[in-house]
Amino acid sequence: MDTQMITAEKPLMAQARPRKPAPFLPMSRAEMNALGWDACDIVLVTGDAYVDHPSFGMAIIGRLLEAQGFRVGIIAQPDWHSAEPFKALGKPRVFFGVTGGNMDSMVNRYTADRRIRSDDAYTAGGEGGKRPDRCTIVYAQRCREAFKDTPIVLGGIEASLRRIAHYDYWSDKVRRSVLADAKADLLLYGNAERAVVEVAHRLAAGEAPRELDDIRGVALFRKVPDEYTELHADDLESADEGASRQRGPTVIRLPALEQVEQDKEAYARASRVLHRESNPGNARPLVQRHGDRDLWLNPPPIPLTTEEMDAVYDLPYARAPHPSYGDARIPAWEMIKFSVTIMRGCFGGCTFCSITEHEGRIIQNRSEGSILREIERIRDKTPGFTGVISDIGGPTANMYRMACKDPKVEAACRRPSCVFPEICPNLNTSHDDLIRLYRKVRETKGIKKVMVASGVRYDLAVESPEYIKELVTHHVGGYLKIAPEHTERGPLDKMMKPGIGAYNKFKRMFDEAAERAGKKYYLIPYFIAAHPGTTDEDMMNLALWLKKNRYRADQVQTFLPSPMATATAMYHTGVNPLRGVRHGGSDRVEAIKGLRQRRLHKAFLRYHDPDNWPLLREALIEMGRRDLIGSQPHQLVPAHQPPGTGKAAGTRRPMRPGGKTQRFTTKGLRVMK
């Protein structure tokens, strides 16, 4: 591994300096005075309300830095219209840490149709509008205005997913790295516990931010050192993509900002290479030109060990919202306050999901003891607890303690998924540890029921009939959410999801286990409309499958191109980064961009809604499928609109000069605008 220039990893708590923890990390001068502080060492600025719980990123980072001996304050959802609220805790001695919160701020504020949301689950009272668009950038700039010589460190998922030049769905253009726009000193990507501890100690010791270029998971602007050999993935005429291995320190040059702005294949190449260089065991540094500067990304962080994960989750969280919110309800807190995270990461590699880019493919696990201690704390300290754990899981419900059978194989692997196109034979898919954990949790005094609300990876679950039996008998409450996402091979391949056959097998096993247990339980499948690579015929076939299986979707998910996801690269470029990318040799993908066609795909998912029938009738006629219009069981929509239904049928259509109805074409389907 060409990482001679990267520092060795210290145990996470090696430099810990235990001190009496604050009841809550202070959000005001009065709280600082009560703690006897004249200043904070570190001030963390977040787009979320401050909830002191390990499901909230700022709480984890704040309590971890507190355990390292630093005085840490929190500025949560400040008024960004001036720098004054960013001076509330005074000048931090070491650095400002800035994050958009638990979600990318644009995903938080806007729907897949680019409509602004009226609410925000991470805000007291669920009120929308408490954070600005692109709040990481705005907050960092205000921190700079407040105290211009204080180092600024970006972190969290918004920074992580925007660490290189990236397509931004809301402005429909390629934006430069958020580090450049924020004018910050450093960006920490991924789960940043290791990096933030190292950065904090070294900045406190007097090092300059530019000297911290040897820490994993750090991005900064720097020149390529003379001792590094550059591999040119920016040559779109070459099929090599910078993948060759060489002795000595090497860095891979991604296509530059200017290239990816102008050349969509260059953008797809950059996406492909970044995802290929995501395994901490073999990833090499990446560099991308931004104007006259080089943006440098060190290899990803080394995953936390079980002991380190335990240390993080055993920190002295208050496990409640900050008292300043009074009785105001914070929806995200209400949802997770009785749930327990048992692991991080996901090796599924779904192209529309951001977990891979942020948390990585390697599963990081907590010990049984740590999990049981947290459940006891919930039982003993969380007001309103009635004995029901609302969820026990993580990004997925059933990847706990799963890993590659051979660490050497894992360190060398470059596959984007361990389960696609089929489960890797090197993957240990045993559910035994998870089953044992479930049983111990159920045996805990005062625990009446333990629910599994995290998504179950059904292609793994079918490998363990015993797990399905355990799940159905003890951990389902009427319904279980599951995400096949589609029925057709075309979009599923672009998503890197298993075929519908795996879902059907799981459903049979689930139904049989429910019958044996004397339960009446149901699966609630989730599907995505308008994902890249989906045709109108694919959506029609999915609608027919839904009707045949008597599913009527109430909640419908339309594909939202989140920053840096592989499917987002497909959407923006029309190129498939899962295969080699070069001029004249790229695999093409059709993206669904027109608002009308996105609505059509969504309408197929809600074929039963009378409001959608006019659009679906017209679409089926244009597709040559009049046979699906009628009242027979195999038909999708009725031939005639019942009186008083179908609001879409009564809407006025824009008229061209001369009075003719305006029409346009999306992917061969002529529809009414």
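Take the small end of the strand inventory to begin: three strands form an open sheet in the order S21-S22-S23, with parallel pairing (two strands pair if DSSP finds at least two bridges between them; strands are DSSP runs of E with at least two residues, helices are runs of H or I with at least four, and both are numbered from the N terminus). This is a predicted model, so local features need pLDDT of at least 70 and side-chain atom pairs count only at pLDDT 80 or more, while totals for chains, interfaces and linings use all residues. Residues are numbered from 1 along each chain as its sequence is written, and side-chain values use heavy atoms, with hydrogens and water left out.

In the three-stranded sheet, strand S21 (479-485) and strand S23 (557-558) sit at the edges, each pairing on one side only. S21 runs parallel to strand S22 (residues 522-529), and five bridges join the two. Glu485 has Phe527 of S22 as its bridge partner. Helix H22 (residues 595-605) packs on this sheet and touches S22 and S23, its direction making about 165 degrees with that of S22. Here contact means heavy atoms within 4.5 Å; angles run from 0 to 180 degrees between N-to-C directions, and axes are lines fitted to C-alpha atoms, for helices over the stretch in contact.

Another open sheet has 10 strands, ordered S3-S1-S4-S5-S8-S9-S13-S12-S11-S10, and its pairing is mixed. Strand S3 (72-76) and strand S10 (229-232) each have a single partner strand, so one side of each is left without a neighbour in the sheet. From one strand to the next, the twist averages 25 degrees. Strand S4 (residues 95-99) and strand S5 (residues 152-154) run parallel and are joined by three bridges, with Val98 opposite Leu154 in S5. Helix H2 (residues 57-67) packs on the sheet, where it touches strand S1 (42-46), S3 and S4; the direction of H2 makes about 175 degrees with that of S1. In the loop between S3 and S4 lies Gln77, which has a positive phi of about 50 degrees although it is not a glycine.

As for helix packing, helix H9 (residues 264-276) meets helix H21 (residues 566-573) at an angle of about 170 degrees, with their axes 9 Å apart. That makes H9 roughly antiparallel to H21 (the label covers angles over 145 degrees). H9 brings Lys264, Tyr267, Ala268, Ser271 and His275 to the contact, and H21 brings Thr566, Ala569, His572 and Thr573. By class, three of these residues are nonpolar, five polar and one charged (Ala, Val, Leu, Ile, Met, Phe, Trp, Tyr, Cys and Pro count as nonpolar, Asp, Glu, Lys and Arg as charged, and the others, Gly among them, as polar).

The structure also holds six cavities of 30 Å³ or more (a cavity is a set of points on a 1 Å grid over the protein atoms alone where a 1.4 Å probe fits but cannot get out, and its lining residues have an atom within 4 Å of a point). The largest cavity has about 340 Å³ of space. It is lined by 29 residues, and Tyr189, Ser278, Pro300, Pro301 and His358 are the closest to its centre. Helix H7 (193-204), H9 and helix H12 (355-358) each give two or more residues to the lining, with the largest share, three residues, coming from H12. The lining has 12 nonpolar, nine polar and eight charged residues.

Finally, a cis peptide bond joins Phe420 and Pro421, with omega about 5 degrees.

Notes. Parallel < 35°, antiparallel > 145°, perpendicular 65-115°, else oblique. 1 Å grid on protein atoms, 1.4 Å probe; cavity = no way out; pocket = protein on both sides within 12 Å on 5 of 7 lines; lining within 4 Å. Points joined across faces, edges and corners; volume = space filled by probe spheres on them.
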